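These are my notes from going through the model. I kept each entry to what I looked up.

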Amino acid sequence: MNKRFIKILLILSVCIICVPLSMNEKTVDAFSNQVIQHGAVGDDVIELQSRLQYLGFYTGKIDGVFGWRTYWALRNFQYEFGLPIDGLAGQTTKNKLAKASKYNEQFVKEQINKGNKFSHYGGMDLNKQSAPNKTGGGGTTNKGGATGGNAAKAPAQQQAAPKAPANQPQQQAAPKAPANPPKQPTAANVPAGFSQNDIQLMANAVYGESRGEPYIGQVAVAAVILNRVDSASFPNTVSGVIFEPRAFTAVADGQIWLTPNEQAKEAVLDAINGYDPTGNAIYYFNPDTATSGWIWTRPQIKQIGKHIFCK
Amino acid sequence: MIRGILIGVLALGVAGTAFWGYQEHREKNAILINAENNYQRAFHDLTYQVDLLNDKIGTTLAMNSRTSLSPALAEVWKITSEAHSDVGQLPLTLLPFNKTEEFLAKIGDFSYQTAIRDLEKEPLSDKEYAALKELYGQSADIQKELRNVQHTVLNNNLRWMDVELALATEEQPNDNTIIDGFKTVEKTVDGYGETDFGPTFVNMKKQDDGYKYLEGKDITKNEAKKIALKYSGFGNNANTQVTENGKGSDVGFFSVSVQDKKTKQEANMDITKKGGYPIWFILSREVKDAKISLNDASNKAVKFLKDNDFENLDLFESSQYDKMGVFTFVTNEDGVRIYPDAITVKVALDNGNIIGFSAEEYLRSHHTRDIPKPTITAAEARKEINPNVKIMDEGLAIIVNDLNEEVLCHEFYGTLGDDTYRIYINAETKVEEKIEKLQNAEPIFEDVV
């Protein structure tokens with residue numbers, strides 16, 4: 001039994017090594033060289049999750065973000081396979097994982113591109129593991145899809161896999177498949193306590209308020225919003241602070257609904273991650289356009305770009 | 001004939017315009033009314049909540065049984081938070097109304113703190129009881145003033161839109177009844193001064209005592225410049241500009257901006273005057289496609305901290321945001337993680353350069369601590385945890401609890417269903433100090449491009 005297992009592993013690993021040779025420009029070697037750690041995002045994480053799922057360690061969604069569930073799955077894998085349990089997918093761990101599992105990249109990428117709900121457990125018909133996400137009703141099967149014959153053939157091999165080594169890994173189908181650029185992960189890291197929508201809303205406000213300012217000035221505006229959330233004198237939510245009547249000119253004149261650029265979003269992320277260039281300011285104003293005399297009475301901390309920040 | 005047609009067309013046109021104008025007018029009115037209604041709702045809601053608040057505080061005073069006191073205080077806490085949110089919806093930002101808001105926050109904090117405390121073991125002290133009584137009286141005053149304003153508003157059909165207009169134009173800033181009314185409320189609260197809430201309560205105010213643990217001599221502008229140059233890594237071919245903090249800041253710092261003459265890249269940094277510690281550093285540049293892994297980046301961050309004499313730090317969290325890696329480090333002293341001592345480092349994943357660094361929390365809290373020995377074992381602490389949680393990992397940590405005190409805890413990572421939790425059990429009292437549900441990755445919505 002054990003011998004047989006080793007044989008299977010050997011053949012599998014040969015397959016895996018051979019696959020890249022049969023590919024055109026894109027390599028599907030098991031993982032790239034990087035050590036994958038908690039918080040990482042990308043193709044390697046998709047592969048890691050798929051492989052862990054193949055072995056039954058990972059039961060979550062294959063979304064390309066190395067989150068806590070992936071972390072525990074990886075640690076369990078390391079424990080079961082007698083590796084040092086560090087929660088890092090380093091070279092040894094990756095090799096062991098690649099040997100022990102299979103990864104049908106084409107299937108996974110296709111499902112991700114289509115936005116389907118799917119899983120990648122070993123020993124099960126892959127077609128039964130995918131369902132279109134949006135239409136909701138109907139087909140558990142995906143037969144006769146974009147890949148035509150290949151799609152029907154691949155699952156058959158997949159099913160046979162646990163019994164006998166697949167003499168022809170599914171990855172070979174990939175070159176024939178339409179060369180869709182693989183879509184990026186279907187999820188994203190978000191800082192604790194904030195949703196992507198919160199970040200978007202803040203980016204809107206920051207962009208509307210300070211799009212002509214240097215980057216640091218934008219981080220500063222975002223930091224003021226967060227300082228206000230913390231402050232006892234202001235509402236306790238991001239939306240509450242932003243939409244507080246007469247608090248931000250950009251909200252009053254509708255500039256908040258301009259589409260923010262990436263820089264504004266990055267500034268917001270920086271502020272959320274603890275950067276506060278203002279020294280805990282909760283007010284700021286542009287001395288050239290400020291209409292309120294009262295604002296001048298606030299103790300000033302510093303000036304960044306055109307804005308003066310104060311307590 | 002032609003004249004007839006012309007007149008007809010013109011008449012139609014006039015009628016059409018009139019009709020269109022009327023329509024527009026009606027729509028505008030509808031929107032105005034809508035906005036006005038929102039203000040009115042918030043305002044009346046506020047007065048209602050303050051009424052309720054006063055009632056509730058009154059009842060808690062009469063309570064003796066601990067079991068009913070806790071829920072009642074929790075109720076007070078809830079009401080203050082709602083009243084607070086109502087204030088936030090009124091156009092009062094440019095009006096000095098923050099004393100009242102702070103007052104609300106104070107009652108909220110006080111009631112929260114006492115509500116979560118085990119009043120069986122640690123009943124309300126005489127001082128706290130007195131504080132509660134005082135709060136009762138003060139909330140009655142606010143209630144009275146607000147009712148007064150409410151009465152005038154209702155009686156004279158006052159509109160909040162006018163308040164907004166008055167505040168916006170500032171032509172006649174002080175003769176609006178509502179504004180006057182709120183100013184009176186504010187003045188009333190102002191008169192209370194600082195209520196004495198007992199020893200634990202003082203801590204609850206946002207700690208803003210600057211960087212009291214910092215050591216070292218004050219640095220000069222020139223030294224600050226040198227430090228910033230070192231962090232930026234631009235070499236000597238750079239323009240620098242140093243400014244001192246304004247009068248409003250509690251701590252002395254220099255802000256330095258450095259610009260590379262060649263690449264025009266700009267780095268900004270704040271440095272404490274005392275000791276010359278870096279508070280934060282940001283290098284702004286466009287980051288190209290990610291080339292190095294998050295793990296490589298974390299190694300760079302570790303090296304960076306070591307190079308800058310930040311020692312005994314543990315990587316605590318790492319996250320990749322698009323083309324950037326953000327890493328949080330905390331102090332590790334003899335195997336105890338000290339969470340208040342946090343530093344974040346931001347690394348660009350295109351070339352592994354450090355593009356951001358923030359040590360604000362670290363500088364505020366880092367000092368030599370006497371870490372007590374835990375009096376209860378990890379196994380004992382484990383028993384305090386919900387049996388449905390599957391424990392995955394454990395360790396010792398110092399955290400800041402809800403009362404804003406540093407406490408030594410057994411830290412457990414556990415899973416329940418699909419979620420991972422961090423659970424802190426006090427290593428001396430077995431109290432469950434904190435439970436955090438750790439953030440999961442959030443699905444990207446299809447429509448977001």
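**Strand pairing between chains.** I looked up strand S3 of chain A, residues 187–188, and found that S3 pairs with strand S13 of chain B, residues 442–443. The sense is antiparallel, and there are two bridges. For A:Ala188 I noted B:Glu442 as the bridge partner in S13(B). I am reading a predicted model throughout.

**The contact between A and B.** I then took the two chains as wholes: 57 residues of chain B are in contact with 57 residues of chain A. On the side of chain B that touches chain A, I have 16 nonpolar, 28 polar and 13 charged residues.

**Chain B overall.** I listed eleven helices and 13 strands in chain B. How is chain B divided into domains? I have domain 1 at 25–202, domain 2 at 221–365 and domain 3 at 378–437. Between the centres of domain 1 and domain 2 of chain B, taken over C-alpha atoms, I noted 41 Å.

I checked the radius of gyration of chain B, which is 29 Å, whereas a compact globule of 449 residues would have one near 22 Å. The C-alpha trace of chain B spans about 95 × 70 × 50 Å along its principal axes. Buried residues make up 35% of the 449 in chain B. Of the contacts in chain B with a separation of 6 or more, I found that 59% are between residues 24 or more positions apart.

**Helix H9 of chain B.** I tested the length of H9(B), residues 294–307: at 1.5 Å a residue, its 14 residues should span 20 Å, and the end C-alpha atoms are 20 Å apart, so the two agree. Which residues of H9(B) are buried? I wrote down B:Leu294, B:Asn295, B:Ala297, B:Ser298, B:Lys300, B:Ala301 and B:Leu305. I followed these buried residues of H9(B) to what they pack against, which is strands S5 (313–321), S6 (324–333), S7 (336–348) and S8 (354–358) of chain B. Just after H9(B), I noted a positive phi of about 65° at B:Asp309.

**B:Gly252.** I placed B:Gly252 in the loop between strand S1 (238–244) and strand S2 (253–260) of chain B. Is B:Gly252 buried or partly exposed? I counted B:Gly252 as partly exposed because it has 15 C-beta neighbours inside 10 Å, and a buried residue needs 20 or more. Leaving aside neighbours within four places in sequence, I found B:Gly252 in contact with B:Asn245, B:Thr272, B:Lys273 and B:Lys274. I also looked up B:Ala441, 189 residues from B:Gly252 along the chain; their C-alpha atoms are separated by 39 Å.

Key. Residues are numbered from 1 along each chain as its sequence is written. Chains are lettered from A and ligands numbered from 1 in the order in which they are written. This is a predicted model: local features need pLDDT of at least 70, side-chain atom pairs count only at pLDDT 80 or more; totals for chains, interfaces and linings use all residues. Two residues are in contact if their C-beta atoms, placed from the backbone, lie within 7 Å. Ala, Val, Leu, Ile, Met, Phe, Trp, Tyr, Cys and Pro count as nonpolar, Asp, Glu, Lys and Arg as charged, and the others, Gly among them, as polar. Two strands pair if DSSP finds at least two bridges between them. Helices (H or I, at least four residues) and strands (E, at least two) are DSSP runs, numbered from the N terminus. The expected span of a helix is 1.5 Å times one less than its number of residues. A residue is buried if 20 or more other C-beta atoms lie within 10 Å of its own, exposed if 12 or fewer, and partly exposed in between; C-beta atoms are placed from the backbone. Domain bounds come from an automatic or database domain assignment. The radius of gyration is taken over C-alpha atoms; the globule rule is 2.2 Å times the number of residues to the power 0.38.
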